[in-house]
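Okay, thanks for coming, everyone. I'd like to walk you through the cross-links and charges in this one, so let me put it on the screen.

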Amino acid sequence: MNKIVICLFLLLCSCSNIGEEDIRIEEYGEEYAVMDCFWSQNEGPNTVIFWCDNDLETNLISGFVSLAIERGPDEDEFFSICGRDIILNSGYNLHDTLIASLTNNTYNCYNHYENNIGNEFDSLWDPDINILQIIWRPPDDDHQVLTLYIPSPEGESTRVSGTIYHKTGFFN
């Protein structure tokens, strides 16, 4: 009987060898791109919490792209997308055109302050797990979700490699 229990225990332990990365892929979709990210060491109002940037070449977004979460003067957090020559293919014409025109041949930013969740565009920052989700909900197409995971910094360095995941479907 003891041998059966030990064998069953070993079998269960070997089957549950799922890592954090596997869980993120299951939850947030395929690994899509990598960004250079920096955690700010500043506190208080009018500061950046983190920012990530890179030259991206994906079907959804391409160009020099910078994503950030910032604190305003009242310390409310907001999402910022900046860059140069950004092409967005979210399926939502207003957002695609706005980002393209703002960044055409120039570095510019779009700051997103709105907090009504569930409409055509959402940005959600979860500081407990270092996840930024950007969701586009076009009226006549699959929704697009980019999830940026930014690991906590190690030691003195504030620079880390962030991973973007991509998922399509219909999301609340």
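Count the bonded cysteines along the protein chain and the disulfides pair up as 1-2, 3-4. By disulfide I mean a pair of cysteine sulfur atoms within 2.5 Å, and that rule gives two of them. For anyone who wants the chemistry, a disulfide is a covalent bond between the sulfur atoms of two cysteines.

Before I go on, a word on what you're looking at: this is a predicted model, where local features need pLDDT of at least 70, side-chain atom pairs count only at pLDDT 80 or more, and totals for chains, interfaces and linings use all residues. Residues are numbered from 1 along each chain as its sequence is written, and side-chain values use heavy atoms, with hydrogens and water left out.

So, which cysteine is joined to Cys37? That would be Cys52, with S to S at 2.1 Å. The link of Cys37 and Cys52 is right-handed, with 110° about the S-S bond. Cys37 sits in strand S1 (residues 30-39) and Cys52 in strand S2 (residues 47-57), so this pair ties together parts that are 15 residues apart in sequence. When I say strand or helix, those are DSSP runs numbered from the N terminus: H or I with at least four residues for helices, E with at least two for strands.

Are these two buried or exposed? Cys37 is buried, at 0% relative accessibility, and Cys52 is buried at 0% as well. My cut-offs there: buried is under 20% relative accessible area, exposed is over 50%, and partly exposed is in between, with a 1.4 Å probe and protein chains only.

On to the other disulfide, Cys82 to Cys109, with S to S at 1.9 Å. The link of Cys82 and Cys109 is right-handed, with 110° about the S-S bond. The pair links distant parts of the chain, with Cys82 in strand S4 (residues 77-88) and Cys109 in strand S5 (residues 107-112), 27 residues apart. Cys82 is buried at 7% relative accessibility, whereas Cys109 is partly exposed, with a relative accessible area of 31%.

Now the charges. How many salt bridges does a search of the whole structure find? It finds three, where a salt bridge is a side-chain nitrogen of Lys or Arg within 4 Å of a carboxyl oxygen of Asp or Glu.

Take Asp36 and Arg159, whose side chains meet at 3.5 Å, N to O. Asp36 is in strand S1 and Arg159 in strand S9 (residues 159-169), so that salt bridge ties together parts that are 123 residues apart in sequence. Asp36 counts as partly exposed, at 29% relative accessibility.

Then there's Arg84 with Asp85, at 3.9 Å, N to O. Arg84 is partly exposed, with a relative accessible area of 38%, and Asp85 is partly exposed too, at 34%.

That leaves Arg137 and Asp122, which meet in a salt bridge at 2.4 Å, N to O. Arg137 lies in the loop between strand S7 (131-136) and strand S8 (143-149), and Asp122 is in strand S6 (residues 121-126), so the pair ties together parts that are 15 residues apart in sequence. Arg137 counts as buried at 8% relative accessibility, and Asp122 is buried at 1%.

Where there's no salt bridge, look for charge patches. Which residues gather in a patch of negative charge on the surface? They are Glu43, Asp74, Glu75, Asp76 and Glu77. A charge patch here takes residues with over 30% relative accessible area and no salt bridge, with like charges joined within 9 Å. Asp and Glu count as negative, and His and the chain ends are not counted; the place of a charge is CG of Asp or CD of Glu. One of the patch residues, Asp76, lies in the loop between strand S3 (61-71) and S4, and Asp76 is partly exposed at 47%.

One more acidic residue, Glu57, is in strand S2. Glu57 counts as exposed, at 69% relative accessibility. Glu57 and Ile86 are 29 residues apart in sequence and 9.8 Å apart in space, C-alpha to C-alpha.

Last, the overall layout. The protein chain has three helices and nine strands, and along the sequence the pattern reads α-α-β-β-β-β-α-β-β-β-β-β. Of its 172 residues, 40% count as buried. Okay, over to you.

Conventions: Patch = residues over 30% accessible without salt bridge, like charges linked within 9 Å, V, L, I, M, F, W, Y side chains within 5 Å. Areas by Shrake-Rupley, 256 points an atom, 1.4 Å probe, with all protein chains shown as cover.
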